[in-house]
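Welcome! Here is a short briefing to read alongside the structure. Please take a look at the sequence and the model, then work through the points by topic.

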Amino acid sequence: MDAQEHERKTEIVRGIGAMGQVPAIVDGRAFLVTDRGLVEAGHAARLQGALESAGVEVHRYDEVRPNPDEDD
């Protein structure tokens, strides 16, 4: 297999109102990685709903251990 290049863009949004800014910086598809605590608190669903309302295709993985370490 030939070598392939992959460009990664990372943008961190944080603070009050940050969740509302996320749909504007996501283009097309998103992979939402979270843990059960954030799911149970409703945050993952709110973000997923906001992204989907903006036309973003969302795939969610919510089996991450809280506060993951290097082995995760």
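## Starting with E11

At 44% relative accessibility, E11 counts as partly exposed. This residue sits in the segment before α1 (18-25). Please keep in mind that the model is predicted. From here, the points below move from the whole chain to its core and then to a handful of residues.

**The chain as a whole**

- The chain holds three helices and two strands, and from the N terminus on these elements run α-β-α-α-β.
- The radius of gyration of the chain is 14 Å, well over the 11 Å that the globule rule gives for 72 residues, so the chain is more spread out than a compact globule.
- Along its principal axes, the C-alpha trace spans about 45 × 30 × 20 Å.
- Among contacts between residues at least 6 apart in sequence, 68% join residues at least 24 apart.

**Surface and charge**

- Of the 72 residues in the chain, 21% are buried.
- About 6300 Å² of the chain is exposed, and carbon and sulfur atoms supply 46% of that area.
- The chain has 8 positive and 15 negative charges, and the mean positions of the two sets are 6 Å apart.

**The nonpolar core**

- Which residues make up the largest nonpolar core? The nine are V22, A30, L32, V39, A44, L47, L51, V56 and V58.
- Two elements, β1 (29-35) and α3 (43-53), each supply at least two residues of this core.
- With three residues, α3 gives the most to this core.
- As general background, nonpolar side chains tend to be buried together in soluble globular proteins.
- L32, one of the core residues, is in contact with A44, L47, Q48, V58, H59, R60 and Y61, leaving aside its neighbours within four places in sequence.

**T34 in strand β1**

- You can find T34 in strand β1.
- Is T34 buried or exposed? T34 has a relative accessible area of 7%, and because the cut-off for buried is under 20%, T34 counts as buried.
- Not counting residues up to four places away in sequence, T34 touches V39, A44, R60, Y61, D62, E63 and V64.
- V39 and A44, both touched by T34, are also members of the largest nonpolar core.

**H59 in strand β2**

- H59 lies in strand β2 and counts as partly exposed, at 41% relative accessibility.
- Which residues does H59 contact, leaving aside its neighbours within four places in sequence? They are A30, F31 and L32.
- A30 and L32 belong to the largest nonpolar core, and H59 is in contact with both.
- H59 and Q48 are eleven residues apart in sequence, and their C-alpha atoms are 8.7 Å apart in space.

**R36 and N67**

- R36 lies in helix α2 (residues 36-40), where R36 counts as partly exposed at 41% relative accessibility.
- Not counting residues up to four places away in sequence, R36 touches D62 and V64; T34 touches D62 and V64 as well.
- N67 lies in the segment after β2 (57-64).
- At 73% relative accessibility, N67 counts as exposed, since the cut-off for exposed is over 50%.
- N67 is not a glycine, although it has a positive phi of about 50°.
- How far apart are the C-alpha atoms of R36 and N67? They are separated by 12 Å, with their positions 31 residues apart along the chain.

**Back to E11**

- The C-alpha atoms of E11 and I25 are separated by 8.2 Å, and the two residues are 14 residues apart along the chain.
- I25 falls within the range given for α1 (18-25), while E11 is in the segment before α1.

Technical notes: Residues are numbered from 1 along each chain as its sequence is written. This is a predicted model: local features need pLDDT of at least 70, side-chain atom pairs count only at pLDDT 80 or more; totals for chains, interfaces and linings use all residues. Side-chain values use heavy atoms; hydrogens and water are left out. A nonpolar core is a set of buried Ala, Val, Leu, Ile, Met, Phe, Trp, Tyr and Cys residues joined through side-chain atoms within 4.5 Å. Buried means under 20% relative accessible area, exposed over 50%, partly exposed in between (1.4 Å probe, protein chains only). Helices (H or I, at least four residues) and strands (E, at least two) are DSSP runs, numbered from the N terminus. Contact means heavy atoms within 4.5 Å. The radius of gyration is taken over C-alpha atoms; the globule rule is 2.2 Å times the number of residues to the power 0.38. Accessible areas come from the Shrake-Rupley method with a 1.4 Å probe; for residues, only the protein chains shown count as cover. Lys and Arg count as positive and Asp and Glu as negative; His and the chain ends are not counted. The place of a charge is taken as NZ of Lys, CZ of Arg, CG of Asp or CD of Glu.
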